[in-house]
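Good morning, everyone, and thank you for making the time. Please have a look at the picture as it comes up, and then I will take you through it slowly.

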Amino acid sequence: MVTKSSGAVCGVCEGRTYVIERRGDRAHARVCTCSEHCTLCEGRGYTYEVREQTFSAKVGPKRYEVLVPCVCQHRMKRVAHFNEIGLPGVTSHASFENYRAANEAQDRARNLAMHFAHHYDKAGVNKGFMLSGPVGTGKTHLLAATLKHLVLEVGLEARYVEISLLYATIRRGFQEGKSGGEIIGPLSDVTVLAIDEMGKGRGSQFEMETLDELIARRYNAGRTTLFATNYSLEPERRAPRSSAPSGYRSTEDAKSAARDTELLRERVGERIYSRLCEMCAFVEMPKDTPDRRRLIQEADMRPGPPPGGPRGMGR
Ligand SMILES: Nc1ncnc2c1ncn2[C@@H]1O[C@H](COP(=O)(O)OP(=O)(O)OP(=O)(O)O)[C@@H](O)[C@H]1O
Ligand SMILES: [Mg+2]
Ligand SMILES: [Zn+2]
Ligand SMILES: [Zn+2]
């Protein structure tokens with residue numbers, strides 16, 4: 001928001017008119033104090049809009065004024081909806097601007113997410129995306145930045161779910177006597193759904209059936225879904241372990257090697273994976289992409305400022 005007196009952009013929200021903060025375990029939005037008093041409607045909530053319509057050819061076009069909800073009302077609705085989408089508190093700082101690409105794949109990941117968010121076509125078909133990569137490479141960061149833009153700037157309805165929390169919620173719902181459809185319904189219908197940690201879980205029949213139903217419903221309805229996963233997308237990434245130099249490997253090493261090479265396709269099954277291929281553009285970040293959590297921790301242990309400026313801003 002540009003203040004009338006100085007013409008300067010608000011330093012708190014940088015002109016966005018809203019602020020996102022961490023509140024408990026959730027990212028929470030509020031209207032910035034610079035925009036709490038609306039100068040457009042003076043707090044009435046409505047403004048007049050001039051319309052022109054031809055009721056009769058003889059009289060010709062007539063202009064008339066209608067009352068329409070003011071932009072401040074839309075802002076409040078968007079902010080209220082943002083607080084229901086389920087974004088974790090740790091993502092409250094995440095934006096496209098403070099995402100740093102350490103390699104070409106991360107650059108592609110950011111561009112893909114940013115392009116998706118900025119060119120979302122409310123009237124058309126919007127292909128989602130799938131970000132795959134090792135831990136701490138900013139997958140959740142980009143999902144959060146995308147949902148923030150879609151909800152607060154575009155005014156879309158969205159939801160974020162972490163897959164194991166989704167399974168837990170559905171299980172709890174069953175115990176409370178709800179049906180699977182009843183619980184999955186809202187997630188099937190939401191305009192944009194972001195599913196984080198895809199492929200995680202025990203792979204039980206219950207989990208697979210739940211995921212199958214959710215993905216199939218969204219696929220059939222042509223809805224847009226975004227994903228993040230630690231599992232690999234490309235079969236050729238599966239290193240031929242048998243040809244690796246032989247030597248002692250502990251059980252833990254062997255287990256972690258198996259995890260390393262596991263494919264999302266194997267985790268979710270052919271039926272789901274095939275649908276994902278049609279629903280999404282894929283980006284995979286290589287195994288040597290730096291883990292930002294470790295970088296931050298290492299920088300915290302060194303004297304001087306952490307990388308990218310103060311904590312919570314330029315991380
Ligand atoms: N490329 C990046 N640029 C800026 N910040 C980043 C980047 N990657 C990660 N971060 C920051 O590091 C922290 C961890 O990132 P995030 O949770 O997005 O990782 P992730 O890829 O989802 O990891 P995981 O696979 O463990 O879920 C967050 O605070 C995030 O903002
Ligand atoms: Mg994550
Ligand atoms: Zn402000
Ligand atoms: Zn107003």
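Let me begin with a definition that I will need in a moment: a residue is called buried under 20% relative accessible area and exposed over 50%, and it is called partly exposed in between. Take Pro286 as our example, which has 21% relative accessibility and therefore counts as partly exposed. Pro286 sits in the loop between strand 9 (280-284) and helix 10 (292-301), and its C-alpha atom is separated by 7.4 Å from that of Ala105, although the two are 181 residues apart along the chain.

Please keep in mind that what you see is a predicted model. The protein chain has 315 residues, of which 42% count as buried, and it is built with ten helices and nine strands. If we take the contacts with a separation of 6 or more, residues 24 or more positions apart account for 72% of them. As for the surface, the chain exposes about 17700 Å², and carbon and sulfur atoms supply 51% of that area.

Now to the metal sites, starting with the zinc ion that is ligand 3. Which residues are its protein donors? They are Cys10, Cys13, Cys32 and Cys34, each through its SG atom, and they lie 2.3 Å from the ion. The angles among the four donor atoms run from 105 to 113°, and the site is tetrahedral. Along the sequence these donors follow the spacing C-x2-C-x18-C-x1-C. Within this set, Cys10 in the segment before strand 1 and Cys34 in the loop between strand 2 and strand 3 link distant parts of the chain, being 24 residues apart. Is Cys10 buried or exposed? Its relative accessible area is 12%, so Cys10 is buried.

The segment before strand 1 also holds Glu14, a residue with a positive phi of about 55° although it is not a glycine. In general, most residues other than glycine have a negative phi. Glu42, in the loop between strand 2 and strand 3, is another non-glycine residue with a positive phi, in its case near 55°.

The zinc ion that is ligand 4 has as its protein donors the SG atoms of Cys38, Cys41, Cys70 and Cys72, lying 2.3 Å from the ion. This site is tetrahedral too, with angles of 105 to 114° among the four donor atoms, and the spacing of the donors reads C-x2-C-x28-C-x1-C. Here the pair that links distant parts of the chain is Cys41, in the loop between strand 2 (26-31) and strand 3, and Cys70, in the loop between strand 4 and helix 1 (71-82), which are 29 residues apart. Both Cys41 and Cys70 are buried.

Between those two positions come strand 3 (residues 46-54) and strand 4 (residues 61-69), which pair in the antiparallel sense over nine bridges. One example of the pairing is Glu49, whose bridge partner in strand 4 is Val66. The two strands form a hairpin with six residues between them, and Gly60 in the turn has a positive phi of about 85°.

Finally, we come to helix 1, where the twelve residues at 1.5 Å each should span 16 Å, and because the end C-alpha atoms are 16 Å apart, the two values agree. Its buried residues are Cys72, Arg75, Val79, His81 and Phe82, and these pack against strand 1 (18-23), strand 2, helix 3 (139-154) and strand 6 (158-162).

Definitions and conventions:
Residues are numbered from 1 along each chain as its sequence is written. Chains are lettered from A and ligands numbered from 1 in the order in which they are written. This is a predicted model: local features need pLDDT of at least 70, side-chain atom pairs count only at pLDDT 80 or more; totals for chains, interfaces and linings use all residues. Side-chain values use heavy atoms; hydrogens and water are left out. Two strands pair if DSSP finds at least two bridges between them. Helices (H or I, at least four residues) and strands (E, at least two) are DSSP runs, numbered from the N terminus. Buried means under 20% relative accessible area, exposed over 50%, partly exposed in between (1.4 Å probe, protein chains only). Contact means heavy atoms within 4.5 Å. Accessible areas come from the Shrake-Rupley method with a 1.4 Å probe; for residues, only the protein chains shown count as cover. Donors are N, O and S atoms within 2.8 Å of the metal (3.2 Å for Na, K and Ca); water is not among the atoms, so sites may look incomplete. Four donors count as tetrahedral if all angles lie between 85 and 135 degrees; four count as square planar and six as octahedral if opposite donors are over 155 degrees apart and all others between 65 and 115; anything else is irregular. The expected span of a helix is 1.5 Å times one less than its number of residues.
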